[in-house]
Amino acid sequence: MKLRRRQRERLSLWLQYLAFVVIVGAVIVAADWGRLREAFFRVDIIQSMFPTVITVALRNTVLYTLGAFAFGLVFGTLLALMRLSRVAPYRWVATAYIELFRGLPALLVLFLVGYGIPIAFPEREIPGGVFGSIAIGLGLTAAAYMAETIRAGIQAVPKGQMEAARTLGMSHFTAMRTIIIPQAFRVVIPPLTNELILLTKDSSLAYVLGVTAQTIEVTKFGRDTLNDRVNATPLLVAGFTYLIITLPLSQVVRRLELRYAKAR
C-alpha cells in the first residue's frame, strides 16, 4: 500500500518520537543512579556551599560582569564612533584595536592587565584592585565586539534622520547624541544582552588574578570546594548558580528580538 506524502511525514514524525523514547528509556535503565547521585548530588555538600555561593561567589560574579560590561560599553561606543569618523587616523586606530582584541584570548588580556601593566609601571596601581583589573581586562576584549555591534546599529538608522536633524540646525555631535545613538541602541540591545551573558561566563577567568575568599567568583568557589570534598557536586552547584543569571537574560534577549521583529 502506497502512503500519501502527508501520511509518510506523519509516520516519520512518530518514528522519531519512538526513537527518542527508546533512547531515553535505555539511558534510564543503563544508568547507575546510585553512583551518579553520590558523585553529583551529595546533599550535605550542597548544604555546606550555602549561603556563601550566593552571598559571596555569585555577588562577585555579578559585580565583575557589570563592571566589565560598563567599561566595554563606554569604550566600545567610543570605538564605534571613531570607526565611523571622517578623520582617517581615528578609523585606522579603531580598526586596528578591534581587529587586535577580537583576535586575542580574553585570558591573555587578563594576564596583561593583571601582571603585565604592574610590571611595566610598578609605581602605579589599577583603581579598584582586583575588581578594577578584572573589569578592565574583560572590558577591553568586550569593547572590541561591542564596537562592531554598535557601529552596525548606528549604520542601521536611516540617513534621513541625520539629514533632518542637520536641517533643523543641529550640529553633527548633537544629532548623534540625541537622535542617532538612542535609536541605534534600541536596535542593538539584544546583541548587547548576549554580550552580557558571555561576560558572565568569562568572569570565571578572574581566578588567574589571584582572588581571595572575599573576591572569589562562582567557578573558583566550585573548584575549591571540589578539591576539598573530592566530589563533583560543587561543579553542578556552580553551573546552576550561573543559570540564575544567564537563563533570565536569555529570556530577555528572546523577548526583545520578538518585539523588534514586530516593530519592523
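Let me begin with a single pair: Arg229 forms a salt bridge with Asp44, with 3.1 Å between the closest N and O atoms, where a salt bridge is a side-chain nitrogen of Lys or Arg within 4 Å of a carboxyl oxygen of Asp or Glu. Because Arg229 sits in helix 10 and Asp44 in helix 3, the pair ties together parts that are 185 residues apart in sequence; helices here are DSSP runs of H or I with at least four residues, numbered from the N terminus.

Before going on, I should say that this is a predicted model, in which local features need pLDDT of at least 70 and side-chain atom pairs count only at pLDDT 80 or more, while totals for chains, interfaces and linings use all residues. Residues are numbered from 1 along each chain as its sequence is written, and side-chain values use heavy atoms, with hydrogens and water left out.

Back to the charges. Arg229 counts as partly exposed at 33% relative accessibility, and Asp44 is also partly exposed, at 36%; buried means under 20% relative accessible area, exposed over 50%, and partly exposed in between, with a 1.4 Å probe and protein chains only. By the salt-bridge rule the count comes to 8. Another of them joins Arg151 to Glu148, the closest N and O atoms being 3.1 Å apart, and both residues are buried. They lie in helix 7, 3 residues apart, about one turn of the helix. Through shared partners, salt bridges also join Glu38, Arg42, Asp44 and Arg229 into one network.

Now to the interior. The largest nonpolar core has 46 residues, of which Met146, Ile180 and Leu199 touch the most other members; such a core is a set of buried Ala, Val, Leu, Ile, Met, Phe, Trp, Tyr and Cys residues joined through side-chain atoms within 4.5 Å. Helix 9 (172-202) is among the elements that give two or more residues to this core, and helix 9 gives the most, with 11 residues.

Finally, the surface. Phe20, Val21, Val24, Ile28, Trp33, Leu36, Phe40 and Phe41 make a nonpolar patch of about 770 Å². Patches are built from residues with over 30% relative accessible area and no salt bridge, like charges being joined within 9 Å and nonpolar side chains (Val, Leu, Ile, Met, Phe, Trp, Tyr) within 5 Å, and accessible areas come from the Shrake-Rupley method with a 1.4 Å probe, where for residues only the protein chains shown count as cover. Helix 1 supplies the largest share, 4 residues.
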